[in-house]
Amino acid sequence: MKNIVSIMGLLLIIACTGPSKKTADTESSEPKPDTLRYDEESHLSNVRQLTWGGNNAEAYWSFAGDQLVFQSDFNQWGVSCDQIFVLDVDKVSPNQKPAMLSTGMGRTTCAYFLPGDSTIVYGSTHLMDSLCPADPPRSIDGKYVWPIYESYDIFVSDLSGTIKEQLTDTPGYDAEATVSPKGDKIVFTSMRSGDLELFTMNIDGTDVQQVTDELGYDGGAFFSPDGTKLIFRASRPKTEEEIKVYKELLAQGLVQPTEMELFICNVDGSDLKQITNLGNANWAPYFHPSGEKVVFSSNHESQRGFPFNLYMINIDGTGLERITYDETFDSFAMFSPDGKQLVWASNRFNGGTRDTNLFVADWND
């Protein structure tokens, strides 16, 4: 899943040294243009930092393109696990405390604006317990794992933090909701079939339809710009041993996200195709504004599990291109609605800490 706390668990093993190619301007509260990018990152310009501290990720644009909703566990904002926040992209500073939109109870994940930008959807465990659910071990029998909290359900909230509606109420995991650019559908991951599959529903929670049905963890799905296709990442255990391990971990509410590839299909699940075969973890995909490419995060060039960098590939699996050249972690990329900007989460220039911050850049094709 997208669980940022779990992802950060992986990053604890990464050497906490900042990138060496450039030095960030730490004396100024507003970084100078392009001091936060590497020379090789030709698709990015005017890079700006949006958060300063904690683990911040999964920042998704409003339909108007002026706000971002994201999740953070920054304890200086008074939270002890991931909660949902919103910020104005053009009004940020190192001392900011963005408005929190979630209840502050339980753990939350994967917020996304609904049409009109007055409400959001997000996953939360608060109905089960007001406290944050316990973190599982980072590894089981030497296998790095993510938790799949069965108490996650999907809710609608207004921008004052008031929950207006509960969209899912089936037993087991329901989370990872994202919204079609057309404003009519939501795609999400659910355990309701007994496996982690993709489903769609109307934005009011009606007309739930199953999209995928192969064994493995299907998640992190996004719609194409025209709303007709889905891009997602999935594990596909094939051997008897792989299937055994997958099922045993899933029974414990865990998945092993170290082997994932990207898949594309029509919204109804037809014409399913695997578009990467790179090995390691390929995940967090998002469509390029053209609808003909996707940007995603991968460690397929890594020898020790890191770094993760952003890449771009055609939807037919050709034309792989590297986008970022970080030495630690870049992921959760999303284009603005007008296609002119890219937001993502990164460990770059964090002063040797473990902080994962949000960055936005102008996009150059």
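Okay, before we start, one definition: when I say two residues are in contact, I mean they have heavy atoms within 4.5 Å of each other. Keep that in mind, and also that this is a predicted model.

Let's begin with the overall picture. The protein has two helices and 28 strands. Its radius of gyration is 19 Å, and the globule rule gives 21 Å for 365 residues, so the protein is as compact as a globular protein of that length. If you draw a box around the C-alpha atoms along the principal axes, you get roughly 55 × 45 × 40 Å.

How much of the protein is buried? Of the 365 residues, 58% count as buried. As for the surface, about 14,400 Å² is exposed, and carbon and sulfur atoms supply 47% of that. On the charge side, there are 28 positive and 52 negative side chains, and the centres of those two sets lie 3 Å apart. And if you take the contacts with a separation of 6 or more, 50% of them come from residues 24 or more positions apart.

Now, on to the sheets. I'll show you two of them. One is an open sheet of four strands, in the order β2-β3-β4-β5, and the pairing is antiparallel. Its edge strands are β2, residues 56-61, and β5, residues 99-100, and each of those pairs on one side only. Have a look at β2 and its partner β3, which covers residues 67-72: they run antiparallel and four bridges join them. If you want a spot to click on, tryptophan 61 has leucine 68 in β3 as its bridge partner.

The other one is also an open sheet of four antiparallel strands, this time β13-β14-β15-β16. Here β13 (174-179) and β16 (209-210) stand at the edges with a single partner strand each, so each has one side without a neighbour in the sheet. Four bridges connect β13 with β14, residues 185-190, again in the antiparallel sense. Within this part of the model, alanine 175 sits opposite threonine 189 in β14.

While we're on strands, a general reminder: in a regular strand, side chains alternate between the two faces of the sheet.

Okay, last stop: strand β28, residues 357-363. Six of its seven residues are buried, so the rest of the structure largely encloses this strand. Which strands does β28 pair with? One is β1, residues 44-49, antiparallel over four bridges, and arginine 48 stands opposite valine 360 of β28 there. Another is β27, residues 341-346, antiparallel over six bridges. In that pairing, tryptophan 344 has phenylalanine 359 of β28 as its bridge partner.

Let me zoom in on one residue of β28, asparagine 357. Is it buried or exposed? Asparagine 357 is buried, with a relative accessible area of 3%; the cut-off for buried is under 20%.

So what does asparagine 357 touch, apart from neighbours within four places in sequence? Its contacts are Gln49, Thr51, Trp52, Gly53, Asn56, Trp344, Ala345 and Ser346. Gln49 belongs to β1, since that strand covers residues 44-49, and Asn56 falls in β2, which covers 56-61. Trp344, Ala345 and Ser346 come from β27, which spans 341-346. One more distance for you: asparagine 357 and asparagine 347 are 10 residues apart in sequence, and their C-alpha atoms are 6.4 Å apart in space.

That's my tour, thanks!

Note on methods:
Residues numbered from 1 in each chain as written. Predicted model: local features only at pLDDT ≥ 70, side-chain atom pairs only at ≥ 80, totals over all residues. Heavy atoms only, no water. Rg over C-alpha atoms; globule rule 2.2 N^0.38 Å. Buried < 20%, exposed > 50% of the residue type's maximum accessible area, 1.4 Å probe, protein only. Areas by Shrake-Rupley, 256 points an atom, 1.4 Å probe, with all protein chains shown as cover. Lys, Arg positive; Asp, Glu negative; His and termini not counted. Charge placed at Lys NZ, Arg CZ, Asp CG, Glu CD. Pairing = 2+ DSSP bridges.
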